[in-house]
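Visitor: I have a model open and would like to walk through it. Can we start with the terms and then go to the residues?

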Amino acid sequence: MKQYAVLSSYTGLKAEIMQINRIFGITYLLLNHEHMTAKMLSEKFNVSIRTIYRDIDRMSQLGIPIYTERGKRGGVSLLSDFVLSKVLLDTDERKSILQALQTTRAINFDPKNEETLAKLTALFGIQDPPWLAIDFSTWYGFSTHDFEQLKTAILSQKVVTFNYHNSKGEMNFRTVEPTQLIFKSMGWYLKAYCLNKQEVRIFKLSRITKLETTEQSVENRSSDVQVVNSLKPQTPEMIHLKMLVSLQLGYRIYDDFPIDTIQKYSDKTLLIEGMFPKTEWLYSYILSLGQAVKVIEPFALKQELLTMIKKMEENYNE
């Protein structure tokens, strides 16, 4: 008799747990669908329609605003303004949501986040300070007008037009369907389907002028369209660089080179040695150090830099 009572208690507890799991499942389904029929829910959870109606009664008792409508277009629905109570999210999940909003607020591109963050902070009862602060601005200032306009165009799915200035100094008028804003390598980029070229392109925001949003809507295109000029560069040639730089420019060297490639060479000099990509940036960087740098190796790099310096000298002697 005692074993039967224990078994009965266990069976009842198991049934209650299964019902709670279904209630969570039904709630999340209805949050993503305007309404569903009891039959659809019974098939989804592999239970009888009668069991679903018992679940609906239980949800009403728990305060979840669920209701049913009869008729051809009837079904089970949630009130349109219903949001999940904080009891449906554990502490870690609540913190993750707040941290995501704090990160978005740190970018300073959507003032509505401040109000949303304040409401959720109060709802969740969490007052943790933000873990991240971001400042994308430069010392010369940063205008967010184009960013805001592109963000609005992407969300409203509107075509935009602009003048684009390429690396050769040429200007072209573009009509594009914007899809995504990307921040990479200290710069903002726009990913868009270019109607002029009939392919997906990447545009640097700093090269865009006369941006306009049109009334034309974006067409639905295949998601597997490939980006032609991807942001991912080809792997550059690597060279073993060895150079001496005046200690007076240490504030630049320690910011721009890995710490394990820098060592004190003398009281007035730093030695930089390691494998580095042979790119235009490296040439420009070394030349920008002026008289404070001396390249030791590779020899080929020394010769190329010498040629550049002589060309610069000719420009000033003309």
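Guide: One cut-off first: a residue is buried under 20% relative accessible area, exposed over 50%, and partly exposed in between. Also, this is a predicted model.

Visitor: Fine. Is I20 buried or exposed, then?
Guide: I20 has a relative accessible area of 38%, so it counts as partly exposed. I20 sits in helix α1, residues 2-32.

Visitor: Which residues make a nonpolar surface patch with I20?
Guide: I20, F24, Y28 and L31 make that patch, with an area of about 310 Å².

Visitor: Back up a bit. How many helices and strands are there?
Guide: The protein has nine helices and eleven strands. It has 318 residues, and buried ones make up 31% of them.

Visitor: And the surface overall, what supplies it?
Guide: About 22,300 Å² is exposed, and carbon and sulfur atoms supply 53% of that.

Visitor: What share of the contacts is long-range, say 24 or more positions apart?
Guide: Among contacts with a separation of 6 or more, 57% are between residues 24 or more positions apart.

Visitor: On to strands. How do β8 and β10 run?
Guide: They run antiparallel, with nine bridges joining β8 (residues 238-246) to β10 (residues 269-277). In that pairing M238 stands opposite P277.

Visitor: What about β9 and β10?
Guide: Strand β9, residues 262-264, also pairs with β10 in the antiparallel sense, over three bridges. K264 in that strand faces L270 in β10. The connection from β9 to β10 is a hairpin through four residues.

Visitor: Which residues touch the most other members in the largest nonpolar core?
Guide: M243, I253, I272 and I286 do, in a core of 20 residues. At least two residues of this core come from each of β8, β10, α8 (280-288), β11 (293-297) and α9 (299-317).

Visitor: Take I286. What is it in contact with?
Guide: Leaving aside neighbours within four places in sequence, I286 is in contact with L241, M243, V293, V295, L301 and L305. Another core, of 17 residues, lies apart from the largest one; F147, V160, L181 and F203 are among its members.

Visitor: Salt bridges next. How many?
Guide: The structure holds four. One of them joins the side chains of R22 and D55, at 2.7 Å from N to O. That pair links distant parts of the chain, with R22 in helix α1 and D55 in helix α3 (residues 49-61), 33 residues apart.

Visitor: Are R22 and D55 buried or exposed?
Guide: Both are buried.

Visitor: Which residue pairs with E148?
Guide: K151 does, through a side-chain salt bridge of 3.4 Å, N to O. The two residues lie in helix α6 (residues 145-156), three residues apart, which is about one turn of the helix. E148 is partly exposed, at 25% relative accessible area, and K151 is partly exposed too, at 21%.

Visitor: And what does E304 pair with?
Guide: E304 forms a salt bridge with K278, and their closest N and O atoms are 3.2 Å apart. This is another link between distant parts of the chain: E304 is in helix α9, K278 is in the loop between β10 and α8, and they are 26 residues apart. E304 counts as partly exposed at 30% relative accessibility, as does K278 at 27%.

Visitor: Backbone oddities now. Where is there a cis peptide bond?
Guide: From E297 to P298, with omega near 10 degrees. P298 lies in the loop between β11 and α9.

Visitor: What is the phi of Q198?
Guide: Positive, about 60 degrees, although Q198 is not a glycine. Q198 lies in the loop between β5 (187-194) and β6 (199-204). At 49% relative accessibility Q198 counts as partly exposed.

Visitor: And the phi of K210?
Guide: K210 has a positive phi of about 55 degrees, and it is not a glycine either. K210 is found in strand β7, residues 208-217, and is exposed, with a relative accessible area of 65%.

Visitor: Last one: N163. What does it contact outside its own stretch of sequence?
Guide: Leaving aside neighbours within four places, N163 is in contact with M171, N172, F173, R207, I208, T209 and K210. N163 is in strand β3, residues 158-165. At a relative accessible area of 12%, N163 is buried.

Methods. Residues numbered from 1 in each chain as written. Predicted model: local features only at pLDDT ≥ 70, side-chain atom pairs only at ≥ 80, totals over all residues. Heavy atoms only, no water. Patch = residues over 30% accessible without salt bridge, like charges linked within 9 Å, V, L, I, M, F, W, Y side chains within 5 Å. Areas by Shrake-Rupley, 256 points an atom, 1.4 Å probe, with all protein chains shown as cover. Buried < 20%, exposed > 50% of the residue type's maximum accessible area, 1.4 Å probe, protein only. Contact = heavy atoms within 4.5 Å. Pairing = 2+ DSSP bridges. Core = buried A, V, L, I, M, F, W, Y, C linked by side-chain atoms within 4.5 Å.
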